[in-house]
Amino acid sequence: MEHKPEFSEMKVATAGRPYLLHYFDRSRPGPAILYIHGLGCSKTDFVDMTKALQLQQFRLLSADHPGCGNSSYDHSHALNIDGIVELIENFVKNLGLDSFVLVGGSLGGLVGLLYAERNPNRIAGFVNVEGNLAPEDCMFSRNVISHSYSHFEKIIFPQIKKAVAARKGRGFARHLDVLAKADPRAYYDFAFQTVEYSDQGNLLQRFLNLPIPKCFIYGSENRHLSYLQRLRASDCQVVEIPNANHFLFYDAPDHYAAALASFARSSCFFSKRYTDILGGQSTAQHF
């Protein structure tokens with residue numbers, strides 16, 4: 001039986017200011033999976049997972065960052081990645097989430113990594129979905145930082161949209177639709193610290209050092225990522241999604257849902273309260 005998500009609003013503070021976040025919460029008795037979206041993206045990237053049979057036992061949640069989806073942005077008070085991390089911390093506290101699976105896509109993978117470092121005891125496991133781990137991961141954000149906001153808004157942001165439109169595949173087409181709702185000022189402000197962390201933050205080692213179960217998911221068209229071999233040599237589970245690129249949740253939603261469900265089952269199984277809900281012992285699946 002499919003349980004539809006409930007869409008709500010919540011006032012959440014960060015950087016000393018309140019923001020009204022739009023989010024969805026698909027309530028279920030199983031463990032919670034919280035998704036953090038990427039640059040110019042929104043909770044829309046995760047809402048289709050509420051229809052996935054593999055995830056019907058799990059509570060699913062995702063919120064729009066300020067300036068993304070349906071959440072507004074204050075142009076007079078710039079937010080950066082650290083501000084988004086604090087926002088997620090307070091969002092989680094307001095919801096009373098505990099022992100949940102954290103999933104971050106692209107820029108959301110960076111936010112999730114920083115959140116996980118600060119709150120390892122709250123997280124049952126962390127899934128990085130082609131999140132920023134190295135300088136090569138700044139696919140769009142690096143195009144932003146050398147320009148004034150005026151030039152970015154008038155020239156660079158339209159160029160980014162054209163570049164997305166020129167890419168083949170369902171994922172880029174769906175991302176273009178979501179990107180249409182993104183506030184260009186928020187996109188601009190978030191890009192700078194994304195590049196800074198990717199270039200100077202030693203993110204790959206910090207990801208590997210997390211004292212929690214970890215999974216890295218990537219699309220098969222991105223097998224060129226330089227650090228995949230190092231990830232495979234670690235205790236991190238690595239999953240390739242076939243026939244998919246960066247926006248793999250749109251390109252191959254069934255495979256993506258199966259990968260999330262498999263990891264969530266294995267990382268949450270330590271909790272006895274979920275044994276009956278998840279149905280016996282968990283075995284990780286490989287794709």
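This is a short talk about salt bridges, a helix pair and a few single residues in one predicted model.

Hi everyone, thanks for coming. Please keep in mind throughout that we are looking at a predicted model.

Let me start with charges. Side chains of opposite charge can pair when their charged atoms come close. How many salt bridges does the structure hold? There are 10, and I will walk you through some of them.

Take Asp-48 and Arg-174, a pair whose closest N and O atoms are 3.8 Å apart. Asp-48 sits in the loop between helix 1 and strand 4, while Arg-174 belongs to helix 5, so this bridge ties together parts that are 126 residues apart in sequence. Are these two buried or exposed? Neither, really: Asp-48 counts as partly exposed, at 27% relative accessibility, and Arg-174 is also partly exposed, at 21%.

Now keep Arg-174 in view and look at Asp-45, which lies in helix 1. Asp-45 is buried, yet it has no salt bridge. Which side chain of opposite charge is nearest to Asp-45? That is Arg-174, 6.6 Å away. Why does that not count as a bridge? Because a salt bridge needs the nitrogen of Lys or Arg within 4 Å of a carboxyl oxygen, and the distance from Asp-45 to Arg-174 is 6.6 Å. So what does Asp-45 touch? Leaving out residues up to four places away in sequence, its contacts are Tyr-35, His-37, Val-178, Phe-249 and Tyr-250.

Arg-174 brings us to helix 5, so let's see how that helix packs. Helix 5 covers residues 170–179, and helix 4 covers residues 149–166. Their axes are 8 Å apart, and the angle between the two helices is about 150°. That makes helix 4 roughly antiparallel to helix 5. Which residues meet there? From helix 4 we have Phe-157, Lys-161, Val-164 and Ala-165. From helix 5 come Phe-172, His-175, Leu-176 and Leu-179. Sorted by class, this contact has 6 nonpolar, 1 polar and 1 charged residues.

Back to salt bridges for a moment, with Arg-206 and Glu-117. Their side chains meet at 2.8 Å, N to O. Arg-206 is in helix 7 (residues 203–209) and Glu-117 is in helix 3 (residues 107–118), so the pair ties together parts that are 89 residues apart in sequence. Arg-206 is partly exposed, at 23% relative accessibility, and Glu-117 is partly exposed too, at 33%. If you click on Arg-206, you will find further neighbours. Setting aside residues within four places in sequence, Arg-206 is in contact with Leu-113, Leu-114, Glu-117, Tyr-197 and Gly-201. For Leu-113, the C-alpha atoms of the two residues are separated by 8.0 Å, although their positions lie 93 residues apart along the chain as a sequence separation.

One more bridge: Arg-223 with Glu-240, at 2.7 Å from N to O. Arg-223 is in the loop between strand 7 (214–219) and helix 8 (228–232), and Glu-240 is in strand 8 (residues 237–241). The two are 17 residues apart. Arg-223 is exposed, with a relative accessible area of 55%.

Let's leave charges and go to a leucine. Leu-55 is in the loop between helix 1 (44–47) and strand 4 (59–63). Is this loop residue buried or exposed? Leu-55 is buried, with a relative accessible area of 0%. Its contacts, not counting residues up to four places away in sequence, are Arg-26, Ile-33, Met-49, Leu-60, Ala-257, Leu-260 and Ala-261.

Last, a look at the backbone. Which phi value does Ala-15 have? It is near 50°, a positive value in a residue other than glycine. Ala-15 is in the loop between strand 1 (6–14) and strand 2 (17–26), and at 52% relative accessibility it counts as exposed. Ser-99 also is not a glycine and has a positive phi, of about 55°. You will find Ser-99 in the loop between helix 2 (81–95) and strand 5 (100–105). Ser-99, however, is buried, with a relative accessible area of 13%.

That's my tour, and I'm happy to go back to any residue on the screen.

Key
Residues are numbered from 1 along each chain as its sequence is written. This is a predicted model: local features need pLDDT of at least 70, side-chain atom pairs count only at pLDDT 80 or more; totals for chains, interfaces and linings use all residues. Side-chain values use heavy atoms; hydrogens and water are left out. Axes are lines fitted to C-alpha atoms, for helices over the stretch in contact, and angles run from 0 to 180 degrees between N-to-C directions. Helices (H or I, at least four residues) and strands (E, at least two) are DSSP runs, numbered from the N terminus. Angles under 35 degrees count as roughly parallel, over 145 as roughly antiparallel, 65 to 115 as roughly perpendicular and the rest as oblique. Contact means heavy atoms within 4.5 Å. Ala, Val, Leu, Ile, Met, Phe, Trp, Tyr, Cys and Pro count as nonpolar, Asp, Glu, Lys and Arg as charged, and the others, Gly among them, as polar. Buried means under 20% relative accessible area, exposed over 50%, partly exposed in between (1.4 Å probe, protein chains only). Lys and Arg count as positive and Asp and Glu as negative; His and the chain ends are not counted.
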